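Please look over the structure below before reading on. The points that follow concern charged side-chain contacts and the nonpolar interior.

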Amino acid sequence: MDPISIFQNNLLTLPYQEPNIALGQSMGNYAKYTDEQLTALLRTGDRMAYTEIYHRYKRLLYLFAYKRLGEKEEVWDIVHEIFLSLWLHHEGLEINYTLS
């Protein structure tokens with residue numbers, strides 16, 4: 001599932017920005033970026049960096065929350081809220097620790 005479509009209602013108010021892809025790179029290369037590189041790209045509004053972060057961490061966040069709550073639907077709601085907040089506050093994003 002495309003993570004941006006999850007938050008479509010919120011993103012419709014944001015202007016579209018082309019992904020920050022250097023000449024000769026494909027979007028598939030985002031999987032090769034480090035978390036630090038993806039975070040830097042996300043701060044600029046790079047949707048492909050956001051998508052890669054979502055796919056990289058959605059399962060880990062789900063498992064982390066599920067161990068504490070045990071409610072599948074509630075856990076997915078929390079995970080989606082985390083990613084919604086991540087996108088809505090991407091410009092001032094400051095990450096001081098990692099999940100990996």
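1. R56 and E52 are 4 residues apart in helix α4, so about one helical turn separates them. Their side chains form a salt bridge, with N and O 3.4 Å apart. Note that the model is a predicted one.

2. Are the two partners buried or exposed? E52 has a relative accessible area of 18% and is therefore buried, since buried means under 20%. R56, at 27% relative accessibility, is partly exposed.

3. R56 also forms a salt bridge with D35, and here the closest N and O atoms are 2.7 Å apart. D35 belongs to helix α3 (residues 35–43) and R56 to helix α4 (residues 47–69), so this pair ties together parts that lie 21 residues apart in sequence.

4. How many salt bridges does the structure hold? The count is 2. Through shared partners, salt bridges join D35, E52 and R56 into one network.

5. Turning to the interior, the largest nonpolar core has 19 residues. Which of them touch the most other members? These are L42, I53, F83 and L86.

6. Helices α3, α4 and α5 (72–88) each contribute at least two residues to this core. The largest share comes from α4, with 8 residues. As general background, nonpolar side chains in soluble globular proteins tend to be buried together.

7. To sum up, helix α4 holds both R56 and E52, and α4 also supplies the largest share of the largest nonpolar core. The link from R56 to helix α3 runs through D35.

Terms used: Residues are numbered from 1 along each chain as its sequence is written. This is a predicted model: local features need pLDDT of at least 70, side-chain atom pairs count only at pLDDT 80 or more; totals for chains, interfaces and linings use all residues. Side-chain values use heavy atoms; hydrogens and water are left out. A salt bridge is a side-chain nitrogen of Lys or Arg within 4 Å of a carboxyl oxygen of Asp or Glu. Buried means under 20% relative accessible area, exposed over 50%, partly exposed in between (1.4 Å probe, protein chains only). A nonpolar core is a set of buried Ala, Val, Leu, Ile, Met, Phe, Trp, Tyr and Cys residues joined through side-chain atoms within 4.5 Å.
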